[in-house]
Amino acid sequence: MSPPDAPAPAAVESCLAEIFSREAGRVLATLIRLLGDFDLAEEARQEAFAAALERWPERGVPDNPSAWLIHVGRNKGIDRIRRRAAYRDAMLRESAIADTAWADEPDDDEVFGDDRLRLIFICCHPALGPEARIALTLREVCGLSLQSVARAFLVHEETMAQRLVRAKRKIRDAGIPYETPDPSMLDERVDGVLTVIYAVFTEGYAATAGSALTDQGLCREAIRLGRLVDALLPGNAGVLGLLALMLLHDARRAARVSGVGNVVLLDAQDRALWDKAQIAEGLMLVERSLRSPAGVSRFAVEAAIAALHVQAADSDSTDWPQIVGLYEVLLRLHPTPVVELNHAAAVSMVDGAARALDLVESIRARGEVSDYHLLHATRGNLLARLGRRGEAVEAYRAAFEGARLDPERRLLAQRIAELVEDGGGCGYGGPVG
């Protein structure tokens, strides 16, 4: 038997890491239900995993690791209640918890078929504000970093951290139950769920920071979840649109990165590398989504834009006027600065860089996304096309300072060098293709 302070064998550490990745969200949601407090449940989960790392090397991994972690976490949480609260309040709380027979989550696999999807629906509770429920789910259930969640909402990390604290406080103070919603309640939560899944895909498609442009595992997980929601709510226009959008974007994955890890923009991609089967499925889903009697979804419109890109033989033959029109529809359905920015980039291909720059300057003047590096990169691109080289360099430098992803930074540095050294041209598109 290993001494208590002996390091855990590598195999057990690897097993624990895999279990944490797979079960952390489920364990947390169950502990929230049992303990009635988000922060307490997080602390209890952490202690349960620490206990597993200490005990499993000696005793072996239990047959049901998730059940073991929930059981230990529940007991750790009760211990913390005893230590923190006044005696009377602690006894009342402990009694209430003790009256709840511990068990695995209810067997509702016939409804959801997947633990993580179930938890996303649970966390997207309508009593929370839309941004709070989405941010909380991304951070706690999907495991995205605080930086990634903040980027999804175009806010500073400190701002997002405060929002998450407030959301947890509201859950605690309002006594919001963490329980599986009835199937009849799924429709009122599906928009938040789709937004969460798309944010997971976006982080996989263009990572917030690091050395790699994409995270294939996150993209696959988001697509898998999209397929599960499609099975859960067949024919839903938003679900079909989102699944189509993810498939069409992901179909270009092999062509988006060069052999040395650099970004390859859309107009320079080798279209022979695109996944034709995935494109065919995506195009079929776009058609189904646009024909839905429930109305047009923002995801269907975004998928229609992606469809026009993948159907074109090259950038010059792309139907840019139709793309501009679709962005104008999208702006009515989902008016955000990022959609405005993409609309401006498309306008530049129809009405020229000067008209597009006016639109970008209007976005910039409002200050909502002044730290968004793609705003500065798009502005640099347009300025370069207008021959305003000095201003373009400054814009690209601002984009470089704001970018956190190494392949993007290399592309921006290349753009700056081209402008400074020989005035090389800058084609359509931002840093991520």
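In the predicted model, Leu 333 is partly exposed, with a relative accessible area of 41%. This residue belongs to helix H14, which spans residues 320-333. Together with Leu 290 and Val 296, Leu 333 makes a nonpolar patch on the surface, with an area of about 240 Å². For the chain as a whole, the exposed area is about 19800 Å², and 50% of it is supplied by carbon and sulfur atoms.

The chain contains 19 helices and zero strands. Of its 433 residues, 49% count as buried. Among the contacts with a separation of 6 or more, 64% are made by residues 24 or more positions apart. One pair of residues distant in sequence is formed by Asp 267 and His 309, which are 42 residues apart along the chain and whose C-alpha atoms are separated by 9.7 Å. Asp 267 is located in the loop between helix H11 (237-250) and helix H12 (276-290). With a relative accessibility of 37%, Asp 267 counts as partly exposed.

The largest nonpolar core comprises 99 residues, and the members that touch the most other members are Leu 138, Val 229 and Met 246. Helix H9, covering residues 186-205, gives the most to this core, contributing 11 residues. A second core, separate from the first, has 23 residues, including Leu 341, Val 369, Ala 377 and Tyr 396. When residues up to four places away in sequence are not counted, Leu 138 touches Gly 143, Leu 144, Val 149, Phe 153, Val 196, Ala 199 and Val 200.

Leu 138 is also one of the buried residues of helix H6. This helix runs over residues 130-141 and has 12 residues. From its first C-alpha to its last, H6 reaches 16 Å, close to the 16 Å expected at 1.5 Å a residue. The other buried residues of H6 are Arg 133, Ile 134, Ala 135, Leu 136, Thr 137, Glu 140 and Val 141. The list thus contains the charged residues Arg 133 and Glu 140 beside nonpolar ones such as Ile 134 and Val 141. After H6 comes Gly 143, with a positive phi near 75°.

A positive phi is also found at Leu 154, where the value is near 55° in a residue other than glycine. Most residues other than glycine have a negative phi. Leu 154 is placed in the loop between helix H7 (146-152) and helix H8 (157-174). Its relative accessibility is 26%, so Leu 154 counts as partly exposed.

Side chains of opposite charge can pair when their charged atoms come close. The structure holds 18 salt bridges. In one of them, the side chains of Arg 80 and Glu 43 meet with an N to O distance of 3.3 Å. Arg 80 lies in helix H3 (residues 65-84) and Glu 43 in helix H2 (residues 38-59), and therefore the salt bridge ties together parts that are 37 residues apart in sequence. Glu 43 has a relative accessibility of 24% and counts as partly exposed.

A salt bridge is also formed by the side chains of Lys 168 and Glu 140, again at 3.3 Å from N to O. Because Lys 168 lies in helix H8 and Glu 140 in helix H6, this pair ties together parts that are 28 residues apart in sequence. Both partners are under the 20% limit for a buried residue: Lys 168 has a relative accessibility of 12%, and Glu 140 has a relative accessible area of 11%. The pair does not stand alone, since Glu 42, Glu 140 and Lys 168 are linked in a network of salt bridges.

The salt bridge between Arg 298 and Glu 302 lies within one helix, H13 (residues 298-311). The closest N and O atoms of this pair are 3.2 Å apart. The two residues are four residues apart in the helix, which means that about one helical turn separates them. Arg 298 counts as buried at 17% relative accessibility, and Glu 302 counts as buried at 15%.

Note on methods
Residues are numbered from 1 along each chain as its sequence is written. This is a predicted model: local features need pLDDT of at least 70, side-chain atom pairs count only at pLDDT 80 or more; totals for chains, interfaces and linings use all residues. Side-chain values use heavy atoms; hydrogens and water are left out. Patches are made of residues with over 30% relative accessible area and no salt bridge: like charges are joined within 9 Å, nonpolar side chains (Val, Leu, Ile, Met, Phe, Trp, Tyr) within 5 Å. Accessible areas come from the Shrake-Rupley method with a 1.4 Å probe; for residues, only the protein chains shown count as cover. A salt bridge is a side-chain nitrogen of Lys or Arg within 4 Å of a carboxyl oxygen of Asp or Glu. Buried means under 20% relative accessible area, exposed over 50%, partly exposed in between (1.4 Å probe, protein chains only). The expected span of a helix is 1.5 Å times one less than its number of residues. A nonpolar core is a set of buried Ala, Val, Leu, Ile, Met, Phe, Trp, Tyr and Cys residues joined through side-chain atoms within 4.5 Å. Contact means heavy atoms within 4.5 Å.
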